[in-house]
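Biologist: I would like to go through the charged side chains and the strands of this model one at a time. Please reason briefly and end each reply on what I asked for.

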Amino acid sequence: MCATCGCSGATHEHHEHHEHGHDHGHEHTHVHAMEAAILGKNDRIAAQNRRLFADRRILAVNLVSSPGAGKTTLLERTIADLRGGRRIQVIEGDQATSNDAERIRAAGAEAIQINTGSGCHLDAAMVDGALRRLEPAPGALVFIENVGNLVCPALFDLGEHAKVVVASVTEGDDKPLKYPHMFRASRLVLLNKLDLLPYVRFDLDAFVRAARQINPASEIIPVSAVSGENLERWYGWLRHDHGEP
């Protein structure tokens, strides 16, 4: 079992013991008990994070995506465009390097870097530690940029107000069907790199249908972090639709 997230390892053990009926049943129960313990502990710390956000009137947004979807570029543009308004602070999650945190600071926001090593996601305890260092200001907008992964982050509550999944037109229009748990867990879908749409094979209508099939309640906003197309709708979501946690 994966000690980090309790999911991929569970799948591995499930297949590894497939031919041994008694052992398989024992291992299956053991794996689920470990998963429940990991997620239970995470949820307790997430509740603490949520109380902190609520007490300080902080809007906390968990940005999730595959690697290369452009969420750091989108975050840089968001910081630059909203500068002078609500204070923006960022928790940066990555397996290695502080490159993204340095980019965020250069864009004008405070940033705390979390390196997960072999870990494939942020968890509530990591965010709790980062919050103690960041000391978010009352009324701030806190972005949590998760590790590039559309599987494990869907399972872990960080105490955020909402998960926002960033997809891109370069990834394929069937992304919601391939990663249903993440799209089901997200309240907003930002379809990025709209400026590249003329140059790739991507059916925008098919993507929207797939996303709606998985999560009829989620809002979908096609955007371009490069050209700025439709970014005001994203900023409107932050300012008005979900301005108060």
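**Salt bridges, a helix and the strands**

Biologist: How far apart are the closest N and O atoms in the salt bridge that Arg-239 forms with Glu-232?

Modeller: This is a predicted model, in which local features need pLDDT of at least 70 and side-chain atom pairs pLDDT 80 or more, while totals for chains, interfaces and linings use all residues. Residues are numbered from 1 along each chain as its sequence is written, and side-chain values use heavy atoms, without hydrogens or water. A salt bridge is a side-chain nitrogen of Lys or Arg within 4 Å of a carboxyl oxygen of Asp or Glu. For Arg-239 and Glu-232 the closest N and O atoms are separated by 3.5 Å.

Biologist: Is Glu-232 exposed or buried?

Modeller: Buried means under 20% relative accessible area, exposed over 50%, and partly exposed in between (1.4 Å probe, protein chains only). Arg-239, at 44%, is therefore partly exposed. Glu-232 has a relative accessible area of 53%, so Glu-232 is exposed.

Biologist: How many salt bridges does the structure hold?

Modeller: Glu-76, Asp-100 and Arg-103 are joined into one network by salt bridges that share partners. Another salt bridge links Arg-77 and Asp-81, with closest N and O atoms 3.1 Å apart. In total the structure holds 10.

Biologist: Which residue meets Asp-128 in a salt bridge?

Modeller: Asp-128 is buried because its relative accessibility is 18%. The partner lies in the same helix, H5, 4 residues away or about one turn (helices are DSSP runs of H or I, at least four residues, and strands runs of E, at least two, numbered from the N terminus). At 59% relative accessibility the partner is exposed, and the N to O distance is 3.2 Å. The partner is Arg-132.

Biologist: Within what arc do the buried residues of H5 fall?

Modeller: H5 covers residues 124-134, and its buried residues are Ala-124, Val-127, Asp-128, Ala-130, Leu-131 and Leu-134. They line one face of the helix, because the directions from the axis to their C-beta atoms stay within a limited arc. The face turned away from this buried side carries the exposed residues Arg-132 and Arg-133. Seen down the axis, the arc is 165 degrees.

Biologist: Which side chain of opposite charge is nearest to Glu-145?

Modeller: Glu-145 sits in strand E4, residues 141-145. Glu-145 is buried yet has no salt bridge. Lys and Arg count as positive and Asp and Glu as negative, with His and the chain ends not counted. At 4.0 Å, the nearest side chain of opposite charge is Lys-71.

Biologist: How many residues of E4 are buried?

Modeller: Leu-141, Phe-143 and Glu-145 point one way from E4, whereas Val-142 and Ile-144 point the other way, and all are buried. E4 is thus largely enclosed by the rest of the structure, since the buried count is 5 of 5.

Biologist: Which residue of E3 stands opposite Glu-92?

Modeller: Two strands pair if DSSP finds at least two bridges between them. Strand E2 (residues 88-94) has 6 of its 7 residues buried, and E2 pairs in the parallel sense with E4 over 5 bridges. E2 also pairs with E3 (residues 110-115), again parallel, over 6 bridges. Glu-92 stands opposite Glu-145 in E4, and in E3 the residue opposite Glu-92 is Gln-113.
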